[in-house]
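Let's take a walk through this structure together, stopping at its helices, its loops and its empty spaces. Please have the model open beside you as you read.

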Amino acid sequence: MALSYGEIKRSLIGQRLPVAFVDLDAFDRNIERVLETIRPHRIPLRPATKSLRVPFLIKRLLAHPSGLLRGVMCYSAREAEYLSTLGIDDFLLAYPAFQQPDLDSVANLASEGKRISVVVDSPEVLARLGQTARDHATTIDVCLCVDMSLKLARGAVHLGVRRSPLHSPEAVLALARRVADTSGLRFHGLMAYEAQVAGLGDANPFEPGKNAVKSLIRRVSSRELGDRRATMVQLLRQSGLEPALVNGGGSGSLDTTTPDTGVTEVTAGSAFLKSHLFDYYKSPHMRALEPAGFFAVEVTRVPAPSLVTCAGGGYVASGPTTPDKAPMPHLPLGLKLLSAEMAGEVQTPLALPPGLRLERGDPVIFRHAKAGELAERFNEYLLLQHGKVVDRVRSYRGEGQCFL
Ligand SMILES: Cc1ncc(COP(=O)(O)O)c(C=O)c1O
C-alpha cells in the first residue's frame, strides 16, 4: 500500500527539510512488477543508472534473487570507473565517449578484466577507440548505437531522438564490419533504443490533444522498428557477425521490446522509482507501477488563506521546457503549482484545495518528473520501510561524484 500523507509526515518528524526519500517497499514492489512484465520474454534487464544515481539502489537491483537484473547501462566512462570501485563489473556505456581520458578509462577497465562494451556510431570514434585499445594492449568490446526512430516520407519526417546516424540494416552491417576489421576492437552487438516508444507517454494530461497521435506513433513505430531490429540481427548473423548483445527498450516499452524484435536484453531505470512523467502512459504495465521516489519541502510562509509557500522545490527536469517537467505536488492531495511562479529557485508557492489547511513547518511531498535527476539535488536519500526511516544512503552527488 502506498504511504499516506499522515504516515510520511510522521516518519519525517525530526528530519531537516528539504529531504529526498525512497519508499523502499514501493521500490521493491516495482521490481516485482517489472519482472512480471519481462519474465514471459525470458530475457534479462540491464538497469539504467542515469535514472537512479544512488549506488545503494543500483546495487539493490543487481542483488535481486531472480538474477534477471544484470549489469548496468551507464552514461559516462568516469561513472563506469567509479562504479567499478564499488564492485560492479558489467557495463554498457550507452552514450559515445570521444575525449581521450574517457577512452583511456574504458581501456583501463577492459585491461582489468571488467566486462565493458561501449557504444559507437561513427568511423571517427572507431579509429580513436581502436588506437586507444592498442596503446593499452587490450581489446575493447564495441556495440553499435542504432537510430531506431521512425522515418516517414522518405526521411522527411523523423519521429524519434537525434543520436546515431545508423538507421538501415545495411549501414549497421557496414560499420560492424569495420569494427571487426579494427585491431584492438571486438564487435559485441547493438544498442537499439526506441525513444519514441519508450519515452513517449500517450496519456499526458498536459497535452491531451496530442495523446491519440502519440498512441499511433507508438503502435506504428513498434511494428516498424521491431522488424528492422530483427532484420539487422539476421543480416549480421548471416555475415558471420553474431551479436552477443542486443539492447533495446526502456521503462515505457518493456511490454513491446521482446526477443521477436531482435533484443537479447532490455533496459529500464525510471520504472523503479516511477517519476511522474511515467504516469502518463496507457499501457497496463506502466499503470501497474507506483511512485517510489519523493522529496519533501517545508511550508515556511502563508501568503494568503488559500496559499502556502515552501522553501526549495525548484528541481525542474531536463528536456523540452514544458509544464510537465516541473516537479509535481504529490501529498497532501490537491495542491497546485501557480503558473506565474511554478517551482521556484528557493521558494515554491502552492494553491490549497478547498478544506485543506497546512501550517508552517508542515512537509509537502513532491515527485520529480525524471527519476535520476533528483539525485543531483540531494546528497542523500532517506530510506523508508513500513512507514519508518530505516537508513540514509548517499547519492552520486553525496559521494562527491558528478559525471555530466
Ligand atoms: C539508451 C537508453 N536506453 C534506455 C533508456 C530508458 O531509461 P528509462 O527506463 O529510465 O526511461 C534510455 C533513457 O533515456 C536511454 O537513453
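A residue is called exposed when its relative accessible area is over 50%, and buried when that area is under 20%. Keep in mind throughout that this is a predicted model. With those cut-offs, a good place to begin is Arg154, in the loop between strand 7 (150–152) and strand 8 (157–159). Is Arg154 buried or exposed? Its relative accessible area is 89%, and because this is over 50%, Arg154 counts as exposed. The backbone deserves a look here too: phi of Arg154 is near 55 degrees, a positive value in a residue other than glycine. As a rule, most residues other than glycine have a negative phi.

A second loop offers a companion case. His386 sits between strand 18 (380–385) and strand 19 (388–394), and although His386 is not a glycine, it has a positive phi of about 45 degrees. His386 is exposed as well, with a relative accessible area of 69%.

While we are on the backbone, let's turn to the peptide bonds. Most peptide bonds are trans. Where, then, are cis bonds found in this model? One joins Leu17 and Pro18, with omega of about 0 degrees. Pro18 belongs to the loop between helix 1 (5–11) and strand 1. Another cis bond runs from Leu331 to Pro332, where omega is near -5 degrees. The loop that holds Pro332 connects strand 14 with strand 15, and we will come back to those two strands at a pocket.

Next, the helices. Helix 6 covers residues 123–135, 13 residues that at 1.5 Å a residue should span 18 Å; its end C-alpha atoms are indeed 18 Å apart, so the two values agree. Which residues of helix 6 are buried? They are Val125, Leu126, Leu129, Gly130, Thr132 and Ala133. These buried residues cover an arc of only 165 degrees around the axis, and therefore they lie on the same side of helix 6. On the other side, Glu124 and Asp135 are exposed. What does the buried side of helix 6 pack against? Its partners are helix 5 (100–111), strand 5 (115–120), strand 6 (140–145), helix 7 (169–181) and strand 9 (185–192). Just after helix 6 comes Ala137, which takes a positive phi of about 50 degrees.

From there, step across to one of those partners, helix 7. With 13 residues, helix 7 reaches 18 Å from its first C-alpha to its last, close to the 18 Å expected at 1.5 Å a residue. Its buried residues are Pro169, Val172, Leu173, Leu175, Ala176 and Val179. They pack against helix 6, strand 6, strand 9 and helix 9. Strand 6 and strand 9 also pack against the buried residues of helix 6.

Now for the empty spaces. How many cavities of 30 Å³ or more does the structure hold? There are 2. The largest cavity has a volume of about 70 Å³. Its lining is made up of Phe21, Val22, Leu273, Lys274, Ser275, Gly293, Phe294, His368, Lys370, Ala371, Leu374 and Tyr381. The elements that give two or more residues to this lining are strand 1 (19–23) and strand 12 (293–304). By class, the lining of the largest cavity divides into 7 nonpolar, 3 polar and 2 charged residues.

The second largest cavity holds about 30 Å³ of space. Around it you will find Glu194, Val197, Ser222, Leu225, Arg229, Thr256, Thr257 and Thr261. Helix 9 (residues 211–238) gives the most to this lining, with 3 residues. Here the classes are 2 nonpolar, 4 polar and 2 charged.

Our last stop is the second largest pocket, where about 270 Å³ of space lies. This pocket is lined by 15 residues, and the closest to its centre are Phe206, Met328, Pro329, Lys336 and Leu337. Strand 14 (328–331) and strand 15 (336–337) each supply at least two residues of the lining, and strand 14 gives the most, with 3. The lining of this pocket has 10 nonpolar, 4 polar and 1 charged residues. That brings us back to the loop between strand 14 and strand 15, where Pro332 is found.

Methods
Residues are numbered from 1 along each chain as its sequence is written. This is a predicted model: local features need pLDDT of at least 70, side-chain atom pairs count only at pLDDT 80 or more; totals for chains, interfaces and linings use all residues. Side-chain values use heavy atoms; hydrogens and water are left out. On a 1 Å grid over the protein atoms alone, a cavity is a set of points where a 1.4 Å probe fits but cannot get out, and a pocket is an open set with protein on both sides within 12 Å along at least five of seven lines; lining residues have an atom within 4 Å of a point. Grid points are joined across faces, edges and corners, and a volume is the space filled by probe spheres set on the points. Helices (H or I, at least four residues) and strands (E, at least two) are DSSP runs, numbered from the N terminus. Ala, Val, Leu, Ile, Met, Phe, Trp, Tyr, Cys and Pro count as nonpolar, Asp, Glu, Lys and Arg as charged, and the others, Gly among them, as polar. The expected span of a helix is 1.5 Å times one less than its number of residues. Buried means under 20% relative accessible area, exposed over 50%, partly exposed in between (1.4 Å probe, protein chains only). The arc is that of the directions from the helix axis to the C-beta atoms. Contact means heavy atoms within 4.5 Å.
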